[in-house]
Amino acid sequence: MRIKNNTTALNTHRMYSGNNAAISKSAEKLSSGYRVNRAGDDAAGLAISEKMRAQVRGLSMASKNSSDAISLVQTAEGALQEVHSMLQRMNELAVQAASDTNVTIDRDALQLEFSNLQEEIDQIAQTTKFNDTVLLEGIGGAGAAPTGKANFQAADQANTGLGLDTISITGAPVGTKVSIVTSTGVAGAPSATGEWADDGSFKLTLSAANGEILTQEMVDKAIADADGAPAGAENFHIDMGMADIYCVADTVDGVTVGETTLSDKPLITFVDGMGVAEISNFSFNGGGVKHSITLTGPIGKTLRVITRVGNAPGTVIGIPQAYFETHIDGTNTPAYQPPNGVDMILVARLDPGSGYGAGSLNTAFNSANGNQVNAIDTKWFKAYMDAPIRYDTNTRSTDGWFDITFAAPKEEPPAVNNGLVIQVGAEAGHTLTINIDAMNTAGLGITKEAVKIAVAGGTAAESRTAASAAITATRDAINKVSTQRATLGAMQNRLEYKINNLDTTTENLQSAESRIRDTDMAKEMSEFTKNNILSQAATAMLAQANSLPQNVLQLLG
């Protein structure tokens, strides 16, 4: 018998402490409702539970995003309902105005209402917003008519009297026809006048006498002053190549200088093996206006650009490799024998006030074939300028040069969809894009400038023709709005299905997470009761264990 260490009491106390700890944990789970209150309760279960919680909360927010998107779609569609009503009325007015039972005053009254409805459609497009986002002026969908671009070489100056360069046209809708003609009957020559036809084509009329100059500013003013521009032609521009158009003879009446149709294709067209080189802030030695030039040619070919002293001012010469120049004394010496690796030389001389455009360079390239010794196919060399080059100082008295090598053109970046991106899932990339076409008068093709049902000061026939065209335009606009409303309705239905799926997934994930994280109250109560009884029993046994050493007193007598 030992009294120093009461092993029975120590054992009983250990069991008593364990039972109390178990009671404490059970009480915590019962009071919090969670089976896992700390990582020690279930380390793996905690990690899985937190991952599920993130997904559940993400899905819940995605469901809210989708609900907000439905509200946005309904806002846009509700506004388009009113646009539809106005278009129906406009079509009705156009049909009424197309009948000659109306006199001028009647048609003017119809036009007044028609114009106000056009203004209101634009007003609705500008003011229909959702959380400060304008909805009906084009979001990732089709806006106003896409703008086009075109180049064409001017007609022979001997037939027109005008010394023109390559002409570039941009900014009008794709499909716009543009023509440039000469005239002798315009008072106050030199002059430039512009005219938009009912079919959306543009005619620029130029008039000047021998020695007179037509400036780019005159052309710009002619475009700005022209009435009846079609929708989408706000940035229409004609670049005449040279800063000034020099008239070498009197212009001839009615001669077409050039004619083209704008397309959505780039001005620079590449073929297999064609490369590009871009020169920014380009200038030849002696200063002058700096511009950017894009040159195209065979990939890998090197072009040397030289300022040449001795050519006539403003001339540009293209020289292939190993070209020999003939001198006055009859001797032939290499003019510019390029070093190895240089395939073509472009030589230019500019004096103050002189200048050239892309056409001057292209003419030099085209004529270079006749001067070559080694076969260089120069027809692929071509120049594009952002603006004509003119000089305000003399070129230097010594030659200057630099080389460029043609490289493969860069691939166009993929088109960016600028629609409204809605996060409709818990993971990155789970998105849905809402596109809304421009529903203003420009996007619908019914601007006040382009669509009328009465021509002010015009004849009855002119007004009738305008009204007939307006019938077609308003019908087309009705169809566009109908298509857009149908698209929005389909998007709303899709979002509703999306919300149902998100909510179902959230419910099932929440149930799975609950099995990991939440307390099974019945089971935990059983554990609590068991541990409570064991604790009470351990208390009783501890009392008995503490009384055992008293038996030693009997041995002591």
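In the predicted model, Lys177 has Thr261 of strand S13 as its bridge partner. The two strands concerned, S7 (residues 177–182) and S13, run antiparallel to one another and are paired over 5 bridges. This pairing belongs to an open sheet of 4 strands, in which the order is S8-S9-S7-S13 and the pairing is mixed. The edges of the sheet are occupied by S8 (191–196) and S13 (256–261); each of these has a single partner strand, so one side of each remains without a neighbour in the sheet. From one strand to the next, the twist averages 10°. Helix H5 (residues 216–225) packs on the sheet, where it touches S8 and strand S9 (202–207). The direction of H5 makes about 30° with that of S8.

The loop between S7 and S8 contains Ser183. With a relative accessibility of 10%, Ser183 counts as buried, because the limit for that class is under 20%. Residues up to four places away in sequence being left out, Ser183 touches Thr205, Leu206 and Ser207, and also Thr251, Val252, Asp253 and Gly254.

The protein as a whole comprises 10 helices and 27 strands. Of its 557 residues, 41% are buried. Among contacts between residues at least 6 apart in sequence, 76% join residues at least 24 apart.

In soluble globular proteins, nonpolar side chains tend to be buried together. The largest nonpolar core of the present model has 46 residues. Those with the most contacts inside this core are Val83, Leu87, Leu136, Ile434, Leu444, Ile446 and Ile453. Two or more residues are given to the core by each of helix H2 (43–97), helix H3, strand S25 (420–423), strand S26 (431–434) and helix H8 (460–517). The most is given by H2, with 14 residues. Ile446 is in contact with Leu87, Met90, Gln118, Ile121, Thr441, Val451, Ala473, Thr474 and Ala477, neighbours within four places in sequence being left aside. Apart from the largest core lies another of 27 residues, among them Ile169, Ile223, Phe236 and Cys247.

Gln118, one of the residues in contact with Ile446, is placed in helix H3 (residues 104–127). The relative accessible area of Gln118 is 0%, and the residue is therefore classed as buried. A polar atom of the Gln118 side chain lies 3.2 Å from the backbone oxygen of Val451. Beyond neighbours within four places in sequence, the contacts of Gln118 are with Met90, Thr441, Ile446, Thr447, Lys448 and Val451.

Charged side chains were examined next. A search of the whole structure finds 15 salt bridges. One of them is formed by Arg485 and Glu77, whose closest N and O atoms are 2.6 Å apart. Since Arg485 lies in helix H8 and Glu77 in helix H2, this pair ties together parts that are 408 residues apart in sequence. Glu77 is partly exposed, its relative accessible area being 23%.

Helix H2 is also joined to helix H3 by a salt bridge: Glu113 lies in H3 and Arg89 in H2, so that this pair ties together parts 24 residues apart in sequence. The N-to-O distance between the side chains of Glu113 and Arg89 is 2.8 Å. Both partners fall in the partly exposed class, Glu113 at 31% relative accessibility and Arg89 with a relative accessible area of 28%.

A further salt bridge is found between Arg107 and Asp100, with the closest N and O atoms 2.8 Å apart. Here Arg107 is buried, with a relative accessible area of 3%, whereas Asp100 is partly exposed, at 46% relative accessibility. In addition, Glu50, Arg53, Glu513 and Arg517 are linked in a network of salt bridges.

How values were computed
Residues numbered from 1 in each chain as written. Predicted model: local features only at pLDDT ≥ 70, side-chain atom pairs only at ≥ 80, totals over all residues. Heavy atoms only, no water. Pairing = 2+ DSSP bridges. Axes fitted to C-alpha atoms, helices over the stretch in contact; angles between N-to-C directions. Contact = heavy atoms within 4.5 Å. Buried < 20%, exposed > 50% of the residue type's maximum accessible area, 1.4 Å probe, protein only. Polar contact = N/O pair within 3.5 Å; in protein donor to acceptor, adjacent residues only side chain to side chain. Core = buried A, V, L, I, M, F, W, Y, C linked by side-chain atoms within 4.5 Å. Salt bridge = Lys/Arg side-chain N within 4 Å of Asp/Glu carboxyl O.
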